[in-house]
Amino acid sequence: MLKYDFEIQLKYFSSSLLNKHDLSGDIEILFNHSVFDESYTGVGDSETQEPCIVSISENYLLSIKSIYAHKDECAVSKAYDIVDKYSKVLSYVVQSQNSNVYQFHIKFIYDRKDLKFSKRNHKVSPKFNEFEEKEDPKGSNQVKLIDAFDTLNMRDSLHIGISQTFQIEEVKKLSDDIGDNKDLWFLMECYYHALGLSDYKSKYFNLFIIIEFIEKNVFHKTVEDKVYQKDQVENIMSNIKLTLEGNTNNKQQLVQIQSRLKQVIESITTKGRSDKLYHILQDTLKISKTKILMQEIEVDKELVTKLIKMRNGLFHAKVLTPQEKEDIVFLSNVLLLLCENIIRALIENKSLFRKL
């Protein structure tokens with residue numbers, strides 16, 4: 001078994017949320033003392049009872065001492081779990097004491113490539129309880145000698161930076177095309193907030209707002225295919241009112257229930273949500289495909305159904321299975337590109353907005 005020690009530098013966002021040409025600010029976070037935590041559980045293998053020691057210094061260096069594993073991959077995975085845990089808790093504690101939440105949202109982050117570690121061989125048996133009998137060099141008598149062995153392993157790593165030239169001529173054109181259209185700026189803002197987030201749930205929440213927006217605000221004839229016409233709705237509500245009046249004496253509750261039921265009945269269409277969204281994307285916005293790297297993705301009913309199913313799970317606080325955690329990474333990337341296409345289509349043809 002190997003015994004690992006890790007170090008990683010934490011960072012935090014220090015720029016003010018109110019930064020602009022006439023008002024700017026930064027925040028410097030100071031700790032009144034370092035963080036020190038010693039735990040016997042949750043790290044290493046059950047063979048060892050030695051503690052894992054986690055500390056965070058005043059200069060935000062997070063150290064992890066004594067993670068036990070049989071190979072590097074397992075130890076690194078355990079270290080990342082610990083770093084994730086402490087960076088989140090540290091952020092929560094500091095932010096909870098933040099006196100100006102309008103100006104600063106404090107969050108500690110780290111770069112995975114900054115994780116450094118050393119390792120050495122470790123015997124599971126209690127310390128110094130194994131020794132060999134050796135002859136004293138002078139031959140006078142036998143003495144107990146302890147032979148201690150330690151190994152420090154090092155490995156090379158390479159971090160590659162990739163340069164790419166971006167064409168920015170279109171920035172002004174898109175800005176001019178959007179103009180003062182509040183709806184388009186709202187969609188652009190949702191898209192912007194989804195960028196750079198490491199949490200795919202957050203990405204998905206922000207991006208699916210764009211989907212829900214087009215479901216309500218982009219015209220397509222299938223959206224108008226109501227199951228019940230106006231006179232039918234009134235007839236149904238008359239019957240419902242009689243039933244409700246026989247089961248409740250609270251007039252306020254009666255009005256609320258009737259209003260809610262009427263909204264549901266009026267909103268029922270001949271198409272399900274997947275069908276409606278699919279036709280909006282395909283027929284109205286003319287989006288039939290998207291591409292991730294070299295993979296071309298068909299925007300078909302199956303994909304649309306998966307996007308909605310994932311949305312429903314997240315919005316109802318579902319605990320994701322390991323497979324669903326993998327799926328959300330892919331679906332978030334697809335959704336990001338899909339929303340990019342949606343915004344472009346609406347910028348190019350503002351008449352697609354439904355007149356309300």
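The legends below describe close-up views around helix α4 of a predicted model. In this model local features need pLDDT of at least 70 and side-chain atom pairs count only at pLDDT 80 or more, while totals for chains, interfaces and linings use all residues. Residues are numbered from 1 along each chain as its sequence is written, and side-chain values use heavy atoms, with hydrogens and water left out.

**View 1. Helix α4 and its cover.** Helix α4 (residues 200-217; helices are DSSP runs of H or I with at least four residues, numbered from the N terminus) has 18 residues and reaches 26 Å from its first C-alpha to its last, close to the 26 Å expected at 1.5 Å a residue, where the expected span is 1.5 Å times one less than the number of residues. What covers its buried residues includes α3 (182-194), α7 (273-284), α8 (301-315) and α9 (322-348).

**View 2. Glu 215 in helix α4.** Glu 215 counts as buried because its relative accessibility is 17% (buried means under 20% relative accessible area, exposed over 50%, partly exposed in between, with a 1.4 Å probe and protein chains only). Its side chain is joined to that of Arg 273 by a polar contact of 2.7 Å (a pair of N or O atoms within 3.5 Å; within protein, one must be able to donate a hydrogen and the other to accept it, and residues adjacent in sequence count only if both atoms are side-chain atoms).

**View 3. Arg 311 and Phe 315.** Arg 311 lies over the face of Phe 315, at 4.1 Å from the ring centre (CZ of Arg or NZ of Lys within 6 Å of the ring centre and within 35 degrees of the ring normal). At 35% relative accessibility, Phe 315 counts as partly exposed.

Technical notes. Helix = DSSP H or I, 4+ residues; strand = E, 2+ residues; numbered from the N terminus. Contact = heavy atoms within 4.5 Å.
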